[in-house]
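Here are my notes on the model you sent over, set out as numbered points. Please keep the structure open as you read, so that you can click through the residues along with me.

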Amino acid sequence: MTGPELVERAEAAAANAYAPYSKYLVGASLLTADGRIFDGVNVENAAYPLGVCAEKSAIVAAATAGVRPGEIDAVGITASPCGGCRQWLHEWRVGRVWFRRADGTIADYAADELLPDTWDLPS
Ligand code: THU
């Protein structure tokens, strides 16, 4: 599946977002190196900070199925990922990050281009 196709898949998945507070529906679709696809959506909560982003819920779905950092080739997202999600994409060493810009064009980055001078836990 190509990056733009992943973005389109994420746009379809976004219909299942639970975002009654912001009304902002987000979807994310991950492609693993072995060809599996995992979708995620944002899921909000009345205690607002407890909500989760679509990118995180997609990674959680993949992790639950046994996927580990370095095994995700690409992600398609309906919008530019927030700062916290960029840290998640970094930790999971996602290969390419594709997302729909506000102007309708599709962006394509390496995860680390989206988070220069990344922070990692000192070893
Ligand atoms: N959101 C995401 O799902 N991903 C992002 O990268 C940015 C923001 C969600 C969180 C919240 O449910 C809604 O968008 C509005 O911030």
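1. Let me start with Arg36 and Asp34, whose side chains form a salt bridge with the closest N and O atoms 3.2 Å apart. Please keep in mind that this is a predicted model. Arg36 is partly exposed, at a relative accessible area of 33%. Its partner Asp34 is exposed, at 54%.

2. How many salt bridges does the count come to? The count comes to 4. As a general reminder, side chains of opposite charge can pair when their charged atoms come close. Besides the pair in point 1, I would like to walk you through two others, one at a time.

3. Asp39 and Arg9 make a salt bridge, with 2.9 Å between the closest N and O atoms. Asp39 sits in strand β2, which covers residues 37-41, while Arg9 belongs to helix α1, residues 3-13, so this pair ties together parts that are 30 residues apart in sequence. As for accessibility, Asp39 is partly exposed at 32%, and Arg9 is partly exposed with a value of 32%.

4. Another pair to look at is Arg100 with Glu11, a salt bridge at 2.7 Å from N to O. Here strand β4 (residues 96-100) supplies Arg100 and helix α1 supplies Glu11, so the bridge ties together parts that are 89 residues apart in sequence. Arg100 is partly exposed, at 23% relative accessibility. Glu11 is partly exposed too, with a relative accessible area of 30%.

5. Do go back to Asp39 for a moment, since its side chain also makes a polar contact with the side chain of Ser29, at 2.7 Å. Ser29 is part of strand β1, residues 27-32. Is Ser29 buried or exposed? With 0% relative accessibility, Ser29 counts as buried, whereas Asp39 is partly exposed. You can also compare Ser29 with Val41: the two are 12 residues apart in sequence, and their C-alpha atoms are 8.9 Å apart in space.

6. Now for the ligand. Which residues surround it? They are Ser22, Tyr24, Val26, Asn42, Glu44, Cys53, Ala54, Glu55, Ser80, Pro81 and Cys82. Sorted by class, this shell has 6 nonpolar, 3 polar and 2 charged residues.

7. Some distances around the ligand deserve a look. A polar side-chain atom of Glu44 is 2.5 Å from a ligand oxygen atom. In the side chain of Glu55, an N or O atom lies 2.7 Å from an oxygen atom of the ligand. Ala54 takes part through its backbone, where an N or O atom is 2.9 Å from an oxygen atom of the ligand. The ligand on its own has 370 Å² of accessible area, and the protein covers 74% of that.

8. Turning to the surface, you will find a nonpolar patch made of Tyr18, Tyr21, Val43, Tyr48 and Val52. Together these residues have about 490 Å² of accessible area. Val52 is located in the loop between β2 and α2, the latter being residues 54-64. Val52 is partly exposed, with a relative accessible area of 33%.

9. Finally, a couple of backbone angles to check on your screen. Lys23 is not a glycine, yet it has a positive phi of about 60°. You will find Lys23 in the loop between α1 and β1, and at 64% relative accessibility it counts as exposed. Asp117, also not a glycine, has a positive phi of about 50°. Asp117 is placed in the segment after β5, which covers residues 106-110. With a relative accessible area of 81%, Asp117 is exposed.

Definitions and conventions. Residues numbered from 1 in each chain as written. Predicted model: local features only at pLDDT ≥ 70, side-chain atom pairs only at ≥ 80, totals over all residues. Heavy atoms only, no water. Helix = DSSP H or I, 4+ residues; strand = E, 2+ residues; numbered from the N terminus. Buried < 20%, exposed > 50% of the residue type's maximum accessible area, 1.4 Å probe, protein only. Near = heavy atom within 4 Å. Polar contact = N/O pair within 3.5 Å; in protein donor to acceptor, adjacent residues only side chain to side chain. Areas by Shrake-Rupley, 256 points an atom, 1.4 Å probe, with all protein chains shown as cover. Nonpolar A, V, L, I, M, F, W, Y, C, P; charged D, E, K, R; others polar. Patch = residues over 30% accessible without salt bridge, like charges linked within 9 Å, V, L, I, M, F, W, Y side chains within 5 Å.
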